[in-house]
Amino acid sequence: MPTPIDPQVTAAIRDAHDILCISHVKPDGDAVGSLLGAAWLLRRLGKRPTLALQDGVPDEHQVLPGAAEILSAAQPAYMRDVVERAFDLVICLDASSPDRMGTAYNPARHRTAPLLVIDHHITNTRFGDLNWVAPTCAATCQMVAYLADALDVALTGELAECLLTGLVTDTLCFRTSNTDAEVLETAMRLMRGGADLAAITQQTVNRRPFGLIKLWSLILPTIHLEEGVIWATAEQMLFDLAGYPMGDISLSSFLVTADEADMSAVLVEKADEISGAPVVECSFRAKPGFDVAQLAFAFGGGGHPPASGCTLPGTLAEVEPQVIPALQTARRAQAAARDAAQRTAGRYAPDAARQDAGGG
Ligand SMILES: [Mn+2]
C-alpha cells in the first residue's frame, strides 16, 4: 500500500497556478526524472510549471521529454525567470536539506509562496512549509506516481517515461535492497503507460563515457584487498590524464562486487576548492548486512548503510593509513556481530570459515 498523501499537499497544488519546480545540485536520474515528472503532471492539470536545476541536466538525461526546458545557472534567463521571479508555489523534489537546492531557491524572492518538499531521504530535515517525506519509497519518482494517482492523472506518456527513469537509476535497475513489491508495481504501471524499460536502462545504468573507463584503467592498478576490504587510490592528475572531470566515478560500487570483499573504498586526493590544501575524498560501499554510514559519519561525512562518503584533510599518504584500518576494524566487528547472531540462531556462520585474501 503506497504512503497516504496529506490532503494539504494536493490542495496546495490544486490552489496554485504559477509553480516553480526545483531539485538538488549535482542532479541524478531521480532528481531530473521527478522534476520533469512533476512538470508533466502539473501541465495535465492546466498549471504553468517553471523548472530549474542549478547545475543543469547531465548528458545522459538530456533525452528525457521536457529536459530542454529546465533552466540552469549557466543560462542568462535563470536569474530573471527563476531566481528573481515570484511564484504561487515552490515544489522541491528529492532534496534532503535546503542547501541541496543551491541557488534555484531564493528565499528573498520565493518565500512569499509556500515551499512544498517532496522527498524519500530518511535524513530529510523537513525544511518546507509542507513536507511530504516517504522513506519507504525507493525514489522520489515513486512518490510523484502516487501524487498523480491522488490528483487523478494517468501514468502515461512523458510522465511515465520520466518517472520510470528515476525508479531505474535510484534502484540501480531494481537491484537495491529497498526494491520491494510497491516499487515493482509502480514500475509495471509506468511500463503499461508506455515507458520503455529496456531503453531507459540502456540510456542510464548500462552506459558510461569512455573517459570514465579510461580513468578506471588508470586507478585500478592501485587496488588492494585485505581483511574483506577492497580499495583504490587516485590523485587528481589521473583525472586530467583520462580527460574526465572530478566528481562521482562510481568505482567503489564496482569494487564492492568482489566476492572476497564486504566493503570498498575509493580515495581521491585533490586540492581543496577554497584553501588549495590537499584533501582526500573518500567513497565507501558495503555489501548487504554491512554498514559504512557510521564510519563516514565518524569522519565527518554521511550517507546510507550501503553507500557513504567523507572528505578528510591531508594527502593520500596521510589519510589512507587512517581510513583503511578503520574500515577493516568496522568490518571485523560487523562480521563478528553477524556471526554471533547466526550462531545464536543455530546456523552455520560462513565468515568464520573464510580465509581472507592477501593484499595486492
Ligand atoms: Mn532519489
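# Strands, cores and helices in a two-domain model

User: Which residue of strand 3 is the bridge partner of I19?

Analyst: The bridge partner of I19 in strand 3 is L89. This is a predicted model, so the answers here describe computed coordinates.

User: What about I22, which residue in strand 3 does that one bridge to?

Analyst: I22 has C92 as its bridge partner in strand 3. Both bridges fit the wider pattern: strand 1 (residues 18–22) and strand 3 (residues 89–93) are paired in the parallel sense over four bridges.

User: And how many bridges are there on the strand 4 side?

Analyst: Strand 3 is joined to strand 4 by four bridges, and the two run parallel. In that pairing, I91 has L116 in strand 4 as its bridge partner.

User: In what order do the strands of that sheet come?

Analyst: The order is 2-1-3-4-5, an open sheet of five strands with parallel pairing.

User: Which strands are at the edges?

Analyst: Strand 2 (48–52) and strand 5 (130–133) are at the edges. Each has a single partner strand, so one side of each lacks a neighbour in the sheet. From one strand to the next, the twist averages 20°.

User: Back to strand 3. Is it mostly covered or mostly open?

Analyst: Mostly covered: five of its five residues are buried. L89, I91 and L93 point one way from the strand, while V90 and C92 point the other way.

User: What does I91 touch, leaving out neighbours within four places in sequence?

Analyst: I91 is in contact with I19, C21, A38, L116 and I118.

User: How many residues are in the largest nonpolar core?

Analyst: The largest nonpolar core has 63 residues. C21, I22, L35, V90, I91, C92 and L163 are those with the most contacts inside it. Helix 2 (residues 29–44) gives the largest share, nine residues. Another core lies apart from this one; that core has 34 residues, among them V229, I249, M263 and I324.

User: Which domains is the protein divided into?

Analyst: Domain 1 covers 7–203 and domain 2 covers 210–353. Their centres, taken over C-alpha atoms, are separated by 30 Å.

User: Let's look at strand 8. Which strands does it pair with, and in what sense?

Analyst: Strand 7 (residues 229–235) pairs with strand 8 in the parallel sense over seven bridges. Strand 9 (residues 278–286) pairs with strand 8 in the antiparallel sense over nine bridges.

User: Give me an example from each pairing.

Analyst: A234 has V268 in strand 8 as its bridge partner. M263 has A286 in strand 9 as its bridge partner.

User: How many residues lie between strand 8 and strand 9 in the hairpin?

Analyst: Six residues lie between the strands of that hairpin, and G276 takes a positive phi near 80°. As for strand 8 (residues 263–271) itself, seven of its nine residues are buried.

User: Switching to helices. Why is helix 5 described as largely enclosed?

Analyst: Helix 5 (residues 140–150) has 11 residues and nine of them are buried, so the rest of the structure largely encloses it. The buried ones are T140, C141, Q142, M143, V144, A145, Y146, L147 and A148.

User: What covers those buried residues?

Analyst: The cover includes helix 2, strand 3, strand 4, strand 5, helix 6 and helix 7 (181–192). Just after helix 5, D152 takes a positive phi of about 55°.

User: Helix 6 is in that list. How far does it reach?

Analyst: Helix 6 (residues 157–170) reaches 21 Å from its first C-alpha to its last, close to the 20 Å expected for its 14 residues. Of those 14 residues, 13 are buried. L172 follows helix 6 and has a positive phi, near 50°.

User: Where does helix 1 lie?

Analyst: Helix 1 (residues 7–15) lies across strand 3, strand 4 (115–119) and strand 5, and runs at about 120° to strand 5.

User: Last one: why does Y78 count as partly exposed?

Analyst: Y78 has 19 C-beta neighbours inside 10 Å, and a residue counts as buried with 20 or more. Y78 lies in helix 3 (residues 77–83).

User: What does Y78 touch, not counting residues up to four places away in sequence?

Analyst: Y78 touches A52, L71, S72, A73 and V83. P65 is 13 residues from Y78 along the chain, and their C-alpha atoms are separated by 20 Å.

Methods: Residues numbered from 1 in each chain as written. Predicted model: local features only at pLDDT ≥ 70, side-chain atom pairs only at ≥ 80, totals over all residues. Expected span 1.5 Å × (residues − 1). Buried ≥ 20, exposed ≤ 12 C-beta atoms within 10 Å, placed from the backbone. Contact = placed C-beta atoms within 7 Å. Core = buried A, V, L, I, M, F, W, Y, C linked by C-beta atoms within 7 Å. Pairing = 2+ DSSP bridges. Axes fitted to C-alpha atoms, helices over the stretch in contact; angles between N-to-C directions. Domains from an automatic or database assignment.
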